[in-house]
Amino acid sequence: MWESILSISRFSWFFHSSNSKNMTISSLDYVKKLIQELSSSPKEASSVLKRKITTESWSSTMWENLLYLFSSLRMKFLPPPTSNISQLKNLLTQEQIEKKTFIEYASNVFGKRIIKTIQEAIDSLPNFIQKKDLLYIFAMIGHALTINDLNDLLNRVNTGEVPLKLSRSLSTDLNELSSEDMEKLVGFYRNPLEHLLPNEKKILWEELEKSDISLDSRILANEEYEYHIRKLAGNLEKEEFTEADLKLLPFAVSEQLARIVAYAEPHTICEHMIIPLPIFTKQQDIVYYQLKNHINEKGLNCYLFTSLKGNFPAQLVFRGTDDVESLSRNILDPNGIGKTVFDGCKEKIAKILNSYCESTTKPALEITGHSLGGLDAQRATVLCLERLNQENNNGPLSRLSRINCFAFCSPKLDQATIKSWEEQIDVLKSHSSPPKISLNFCYHKNDLLIQAGFKNLYIKEDVDFLQENYLQIASDSGILATNTHHREPFFKVGKFYTKDNRKYIHYNSAALAERREKMDILQEFMEKESEVAFSQEELEMIELSKKKLAEMEKDKKEIQSYQEGYSSDSSWGIFFAYKLFIAPGQWISHWVKLHCFSQERRLSDSSRKTSFVYELLMTSRRISHWVKLHCIKV
């Protein structure tokens, strides 16, 4: 996830720093190699190395070796106290289970702290519960998992109370564990069926989906997210991804955060909750993050996750519209969709970001959101730049090396925020080392909701420290299917979801810049060395490369045309009022002018002023003008 990470990483593939401008172009061999690079379009996926399973060796200290030997002998010759696990396993074979008995066993197996966290939900169940209810409780336990629960489990593993085999025995620090050992500890809570029914190879979330129980993703968000991330990582390890899939992988991972984790029910959230995030260095791996801070105020919900170990970027995740408070931010805000509440929370957001930057060696930030959350993610990006420039590059936020914004199905920003964004970018142009900024948008072109507002964050000119990455989706359904376009995921198990005959345009400004550079070098060489003869195959490759560049330029123009909305500052409610009432009146006015007052059929001035059609037209104009002046800015 840093500069050294593979091109499919969520971080490194945004920026292109080609040295091709400085290369000597007089070499014919170099130019021919350049032609091959321009024409190549590999269909097979880049190789992603499978996970390297590490086994920790014994420590060099004699004391730890003796403790390890003692623990191994005790677990081998003495029966471990696993009665609660065995009895909990037996409950899974029963149709009716006494709730009191289950709670007793579950508290001893998973810990009293985590059971207390979900006690309210358990109390709502009858005294005798069914097997499917038991699975649902398991899922709630998985959702509520925190780093404190993992520490307790690690201690119980070290004492032999829980029979989990870790590669590093007797470690009391989670940071010392390998990623495989961390997955075992987390899996004990989030897929307990693997330990209770090891021979059946069942997965908790899949069993829940098979049951007839109604799943509420909001109170099971972290459990569901863990399942999807594990499936994605499993498919990667099986090498089931093409080159095109790998290019979209950052969107696939971020969408899980934006659509699942962000929508967790606020009352189920507590600090130090655990979520996984896949990374791709020399080996595919999973890094665990903990919830460091969160804000839930007046319909604005955001969560800051930081990695448990390693210097990985923080994840700031914003929730979209999902309750009455957040809905009122969309419909009733005259300053722009969600702007008033966000401005009221600016200081709190800045405070938690400052705290993160001060406590991290090399801070970097990834901001993600869906719908209203995507809009808040854009505003948070502008907030970071405002504070960075206000601090004259000396404050905590000035230490950010990267800011990556992922916005899914986001409506547009208001004029004031766009003005501030453009001003901050102008200031950063004079900085000696500005942070790398990447803007990543994913949306359906027939989603009517994304047209509300003024503009998205984007800059028409090329700026070295700013890169853009867009995924524009189209399908057979039109704007009448806006709800589907807005709410249905674009990815399934890490791959683009082709439901409704979906297709996409993927535009990456770094890829376009690289192709432009190579084509410029090639063109310059051909002009200087006009006598050099290329083979027919090479000439065909050059023509194909020109067509590819033209297609990319065309995609850029089309995508940029979608970055501007239909109104300046209006919220969704006012936007729809305009679309439903004002716009039709304007269309009728335009039609009447076009068909009733054309050059061939134009009335004389005296008769036109007294005509009924003219009076109707003027009345429509006056009504439209009054509503726009008093109710809406367009």
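# Exercises: cavities, a pocket and two cores

In this predicted model, the largest cavity is lined by A407, C409, S410, K412, F441, C442, Y443, I450, N456, Y562 and Q563. Let's work through what's around it, then move on to other parts of the structure.

**Exercise 1.** Find out how much space lies in the largest cavity, and sort its lining by class.

*Solution.*
- Step 1: Start with the space, which is about 50 Å³.
- Step 2: Now sort the lining residues. You should get seven nonpolar, three polar and one charged.
- Step 3: Check which element gives the largest share. That's strand β9 (residues 436–444), with three residues.

**Exercise 2.** How many cavities of 30 Å³ or more does a search of the whole structure find, and what lines the second largest?

*Solution.*
- Step 1: The search turns up two.
- Step 2: The second largest cavity holds about 40 Å³ of space.
- Step 3: Look around its wall and you'll meet N222, V261, A264, I269, M273, L291, Y303 and F305.
- Step 4: Sort them by class: seven are nonpolar, one is polar and none is charged.

**Exercise 3.** Describe the second largest pocket, starting from its volume.

*Solution.*
- Step 1: Its volume comes to about 960 Å³.
- Step 2: The lining has 30 residues, and the closest to the pocket's centre are R259, I260, R487, E488 and P489.
- Step 3: Go through the elements. At least two lining residues come from each of α11 (204–210), α12 (221–237), α14 (249–259), α19 (482–487) and β11 (491–492).
- Step 4: By class, this pocket's lining splits into eleven nonpolar, nine polar and ten charged residues.

**Exercise 4.** Which residues touch the most other members of the largest nonpolar core, and where does this core lie?

*Solution.*
- Step 1: A general idea helps here: in soluble globular proteins, nonpolar side chains tend to be buried together.
- Step 2: The largest nonpolar core has 97 residues, and F102, F110, F138 and L185 touch the most other members.
- Step 3: Helix α7 (residues 131–143) gives this core its largest share, eight residues.
- Step 4: Domain 1 (85–208) and domain 2 (221–518) both contribute residues, so the core lies between them.
- Step 5: Zoom in on L185. Skipping neighbours within four places in sequence, L185 is in contact with L150, L153, L154, V157, L164, L166, L174 and L177.
- Step 6: Don't stop there! A second, separate core has 60 residues, among them L383, C384, L413 and I559.

How values were computed: Residues are numbered from 1 along each chain as its sequence is written. This is a predicted model: local features need pLDDT of at least 70, side-chain atom pairs count only at pLDDT 80 or more; totals for chains, interfaces and linings use all residues. Side-chain values use heavy atoms; hydrogens and water are left out. On a 1 Å grid over the protein atoms alone, a cavity is a set of points where a 1.4 Å probe fits but cannot get out, and a pocket is an open set with protein on both sides within 12 Å along at least five of seven lines; lining residues have an atom within 4 Å of a point. Grid points are joined across faces, edges and corners, and a volume is the space filled by probe spheres set on the points. Helices (H or I, at least four residues) and strands (E, at least two) are DSSP runs, numbered from the N terminus. Ala, Val, Leu, Ile, Met, Phe, Trp, Tyr, Cys and Pro count as nonpolar, Asp, Glu, Lys and Arg as charged, and the others, Gly among them, as polar. A nonpolar core is a set of buried Ala, Val, Leu, Ile, Met, Phe, Trp, Tyr and Cys residues joined through side-chain atoms within 4.5 Å. Buried means under 20% relative accessible area, exposed over 50%, partly exposed in between (1.4 Å probe, protein chains only). Domain bounds come from an automatic or database domain assignment. Contact means heavy atoms within 4.5 Å.
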